[in-house]
Amino acid sequence: MESSLRVQANSGVLTNFDVLKFLESRGASEDSARVFSDVTPSENKVYGYLFGTPARGQTTENINEFKEKCKKYDLAEAEVLNIINTRPSSIVGIYPLIENCDLRLGDTVEELVELVVEVFPSPLPAKTVENDAKTTNVEKIEDQNDNDEGKPENEEEMETIDGS
């Protein structure tokens, strides 16, 4: 009987924030060298992914505040969960999360977006070695593109074909 009570007490949906905090409590970290517990590699990967999502900047307080304030929109639990997990900051970002958004929310969709932006902090950029490497590669490509501006893409091929 005790185990059935435990299952009932633990049932329900979890936000990305809940999973992130749980993994932190188990010792998960983005830096696998800092892991001193029995955290599995897959748990560290999940932690690393969630660390780069809006969950990183959320708190239990602002999640509860959002859940309370968005009751007036009569959203399904899954819709609320998706909004919390993705933190859409525009109407374009919120439309795919709410079924029949136009019919159900009408003009109040803008209010809902404002509520999301007001309650949840702006996402923090994840600082990782991988992100630094991507930025460096993007900067190299942008520099290369800046240097190639004005040249046709196939300019070298044309020179070779003409023999000049």
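A search of the whole structure, which is a predicted model, finds 2 aromatic pairs. Let me describe one of them. The ring centres of Phe66 and Phe120 lie 5.2 Å apart and their planes meet at 45°, so this pair is classed as tilted. Phe66 belongs to helix H4, residues 60-69, whereas Phe120 sits in the loop between helix H8 (109-119) and helix H9 (129-148). With their positions 54 residues apart, the pair links distant parts of the chain. Phe66 and Phe120 are both buried.

Phe66 also appears in the surroundings of my next residue, Ile83. Ile83 is located in helix H5, residues 77-86. Is Ile83 buried or exposed? Its relative accessibility is 0%, and therefore Ile83 counts as buried. Setting aside neighbours within four places in sequence, Ile83 contacts Phe66, Leu75, Pro88, Ile94, Leu97, Ile98, Leu112 and Val116. In addition, the C-alpha atoms of Ile83 and Val113 are 9.5 Å apart, although 30 residues separate the two along the chain.

I turn now to a pair of helices. Two packed helices are described by the angle between their axes and by the distance between those axes. For helix H2 (residues 16-25) and helix H3 (residues 41-51), the angle is about 130° and the axes are 10 Å apart. H2 and H3 are therefore oblique to each other, and H2 passes H3 in a left-handed crossing. Which residues make the contact? From H2 come Asn16, Val19, Leu20, Leu23 and Glu24, and from H3 come Glu43, Val46, Tyr47, Leu50 and Phe51. Of these contact residues, 7 are nonpolar, 1 is polar and 2 are charged.

Note on methods:
Residues numbered from 1 in each chain as written. Predicted model: local features only at pLDDT ≥ 70, side-chain atom pairs only at ≥ 80, totals over all residues. Heavy atoms only, no water. Phe/Tyr/Trp six-rings, centres within 6.5 Å; stacked < 30°, edge-to-face > 60°. Helix = DSSP H or I, 4+ residues; strand = E, 2+ residues; numbered from the N terminus. Buried < 20%, exposed > 50% of the residue type's maximum accessible area, 1.4 Å probe, protein only. Axes fitted to C-alpha atoms, helices over the stretch in contact; angles between N-to-C directions. Parallel < 35°, antiparallel > 145°, perpendicular 65-115°, else oblique. Left-handed = near helix turned anticlockwise from the far one by under 90°. Contact = heavy atoms within 4.5 Å. Nonpolar A, V, L, I, M, F, W, Y, C, P; charged D, E, K, R; others polar.
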